[in-house]
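The following note sets out numbered comments for a colleague who has the coordinates open. Each point may be checked directly against the display.

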Protein chains: 2
Amino acid sequence: MIKIAVDAMGGDYSPEKIVLGSLMAIKKYKDIEIILYGDETKIKKYLNKDYKRLSIIHTDEYLDMGELDPLKAVRDKKNSSMFLAMQDLKNKKVDALVTAGPTQALVIGGHLIIKRMKGVKRTALITFIPSATGRTRLLLDSGANVDLKPEHLRTYATFGTLLASEYLNIKNPKVGLLNIGSEEGKGREFEKLSYDLLKEEKNINFIGNVEPKEFFDKDCDIVLNDGFVGNIFLKSLEGCGKHMSVNLKKEIFSNFKSKMGALFMRKTIKKFAKTLDSSEIGGALLFGIDGLLIKAHGSSNELAIFNALTQAKKIAQSELIDKIRTVVSEN
Amino acid sequence: MIKIAVDAMGGDYSPEKIVLGSLMAIKKYKDIEIILYGDETKIKKYLNKDYKRLSIIHTDEYLDMGELDPLKAVRDKKNSSMFLAMQDLKNKKVDALVTAGPTQALVIGGHLIIKRMKGVKRTALITFIPSATGRTRLLLDSGANVDLKPEHLRTYATFGTLLASEYLNIKNPKVGLLNIGSEEGKGREFEKLSYDLLKEEKNINFIGNVEPKEFFDKDCDIVLNDGFVGNIFLKSLEGCGKHMSVNLKKEIFSNFKSKMGALFMRKTIKKFAKTLDSSEIGGALLFGIDGLLIKAHGSSNELAIFNALTQAKKIAQSELIDKIRTVVSEN
């Protein structure tokens, strides 16, 4: 049985969507147990009965989504839903934590409450980006650290390689550097120095620079840059996807003939819209903290929460965190 | 009559698409004259007769698209199609220059051959990003300078404001800072300091941070960041657009029913695909060099070249460069 702590009060649509997504997961997976952290009265509104394997740990404190001072929050809001759950993860009462709460609070809280793994200098948020062709790519750092040194990217590379091989079952996964040109020598000083370091690293399969425009076509499994650039990239894909999805629908319903056509194409359009939907992405893994932390998107709906829970369950079962601990301590 | 120099040998599909795009423009606009710089024999392959208002200046030198040492190129390849055309722009033999050649060669060549405008410290590539709703937004810097200081962004803001009001006829255009969060205090040190400077600048209408995911929805006309982040953003939109367009087509032709539907929806799908097409974007304006330089996308097709020529003609007619010179010299 995998025990997952869920921050019921994190995210733009909490607690409703968080609770509903948790119910989806409880119904689908018989080998998980979920503990919801948050306001019991508010949570119970969305539970029409008692569920086996689902419990609540009550607290009326929670973090604001616009939390600007996470350091202060860790000190002053010890009993908030996110930090209470983190405490239980640290004490091994649960196997994983899923939250759609503020990213920086998760990162800082992770450092202060759970602590970094020995040998890890910088944490990274690893996002799993699916494509219409079914291939999943890892992006790191997608938002934990806005400033990095080239040697941090080298650690990320080793780490992404482990994750891709162990969890996604990719043999000899290909590592690329997210950059503004495909040739060597492109980018800022940071990319130039990182390129040199990655080229020399023997334990990874470095394929060079990857431009954002070729991201979906390139034969590449892991894409690296700092958390600022990674986050800009991720949010650009998201914005573009949403814009297009909204406009395709608008165009379709703009005239009768097109509406007729849409009747024939219903399944096709549905399948297409799915590739644009950020809730299909699921959660991001916070690498480097000594515990399994999954960050779901701030605007997660129930499907996104369900997907993040699926990830948490699978990663917990793969015992990836233990494997990482071993590899990192050997370096 | 507006005289436009065209670098016929720049871009992935030169000279063919460059020549064909120039012909489109010559046929559509009776008030422009085009001079093609490049290999006469190769250019003439795509001209089935002589055209009034279209001439060729022959050179057999041209720049490689992967040009990694633009400084050396300016010294060694003075007679390349791009730099010859630049020389004529400097000497006022033409009113504008359009090229799909390598960006860094354009930027460095612009500095060394034409020179910066007095009072401008850093150039910027300004991209015009259209949306499905018809609104055009300006992104700067989209790739001229990978490292900038906050005060450079302040100059860009003034400048984008002038461009948006004079050329796009937008009253009191709204300026945003491209960032990973919408609240004040988000981002790297660069964004935090830039935010403070922009907030205090009286001659612009600063609306705060703009996240890439809200780019198309936000009521904003000008978006600022450095050339690395701007380029990552732009190429992400491009990659995402292409990925979706290709996959929508694949889905549609995957079964009979859906193909039937597509017959009804032909116009709708065409209109939608247009919003995803980078050739609709046209060119980017290189701000800060003392002349009108338009950079078309490296993989420009004939429509993209036509659009870049349309821009060149319109900006030349608006006498924007003269206006900028006046404003900049007054500061």
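1. In this predicted model, strand β7 (residues 174-178) of chain B pairs with strand β9 (residues 222-224) of chain B in the parallel sense, over 3 bridges. Within that pairing, Val175(B) has Ile222(B) of β9(B) as its bridge partner.

2. Strand β7(B) also pairs with strand β8 (residues 205-210) of chain B, again in the parallel sense and over 5 bridges. Here the bridge partner of Val175(B) is Phe206(B) in β8(B). As to exposure, β7(B) is mostly covered, with 4 of its 5 residues buried.

3. These pairings belong to an open sheet of 11 strands in chain B, whose order is β3-β2-β1-β4-β11-β10-β5-β6-β9-β7-β8 and whose pairing is mixed. The edge positions are taken by β3 (54-58) and β8 of chain B; each has a single partner strand, so one side of each lacks a neighbour in the sheet. From one strand to the next, the twist averages 25 degrees. Helix α5 (residues 103-114) of chain B packs on this sheet and touches β4 (96-99), β5 (124-130), β10 (283-287) and β11 (293-296) of chain B. The direction of α5(B) makes about 165 degrees with that of β11(B).

4. In chain A, 11 strands likewise form an open sheet with mixed pairing, in the order β3-β2-β1-β4-β11-β10-β5-β6-β9-β7-β8. Its edge strands are β3 (54-58) and β8 (205-210) of chain A, each of which pairs on one side only. Neighbouring strands of the chain A sheet are turned against each other by 25 degrees on average, direction ignored.

5. Within the chain A sheet, strand β5 (residues 124-130) and strand β6 (residues 136-140) pair in the antiparallel sense over 4 bridges. Pro130(A) finds its bridge partner in Thr136(A) of β6(A). Elsewhere, helix α1 (residues 16-28) of chain A lies across β1 (2-7), β2 (32-38) and β3 of chain A, and runs at about 170 degrees to β2(A).

6. The packing of two chain A helices deserves a separate comment. Helix α6 (residues 150-166) and helix α7 (residues 189-200) of chain A pack at an angle of about 45 degrees, and their axes are 8 Å apart. With that angle, α6(A) and α7(A) are therefore oblique to each other. The crossing of α6(A) past α7(A) is right-handed. On the α6(A) side the contact is made by Pro150(A), Glu151(A), Leu153(A), Arg154(A) and Ala157(A). On the α7(A) side it is made by Phe190(A), Leu193(A), Ser194(A), Leu197(A) and Leu198(A). By class, the contact of α6(A) with α7(A) comprises 7 nonpolar, 1 polar and 2 charged residues.

7. Is Ser80(A) buried or exposed? Ser80(A) is buried, because its relative accessible area is 0%, below the 20% cut-off. Ser80(A) is found in the loop between α3 (70-76) and α4 (81-90) of chain A. Not counting residues up to four places away in sequence, Ser80(A) touches Thr59(A), Glu61(A), Tyr62(A) and Leu63(A).

8. Asp76(A) has its place in helix α3 of chain A. With a relative accessible area of 43%, Asp76(A) is partly exposed. Asp76(A) and Arg53(A) are 23 residues apart in sequence, and their C-alpha atoms are 31 Å apart in space.

Methods:
Residues are numbered from 1 along each chain as its sequence is written. Chains are lettered from A and ligands numbered from 1 in the order in which they are written. This is a predicted model: local features need pLDDT of at least 70, side-chain atom pairs count only at pLDDT 80 or more; totals for chains, interfaces and linings use all residues. Side-chain values use heavy atoms; hydrogens and water are left out. Axes are lines fitted to C-alpha atoms, for helices over the stretch in contact, and angles run from 0 to 180 degrees between N-to-C directions. Angles under 35 degrees count as roughly parallel, over 145 as roughly antiparallel, 65 to 115 as roughly perpendicular and the rest as oblique. A crossing is left-handed if the near helix is turned anticlockwise from the far one by less than a right angle, and right-handed if clockwise. Contact means heavy atoms within 4.5 Å. Ala, Val, Leu, Ile, Met, Phe, Trp, Tyr, Cys and Pro count as nonpolar, Asp, Glu, Lys and Arg as charged, and the others, Gly among them, as polar. Buried means under 20% relative accessible area, exposed over 50%, partly exposed in between (1.4 Å probe, protein chains only). Two strands pair if DSSP finds at least two bridges between them.
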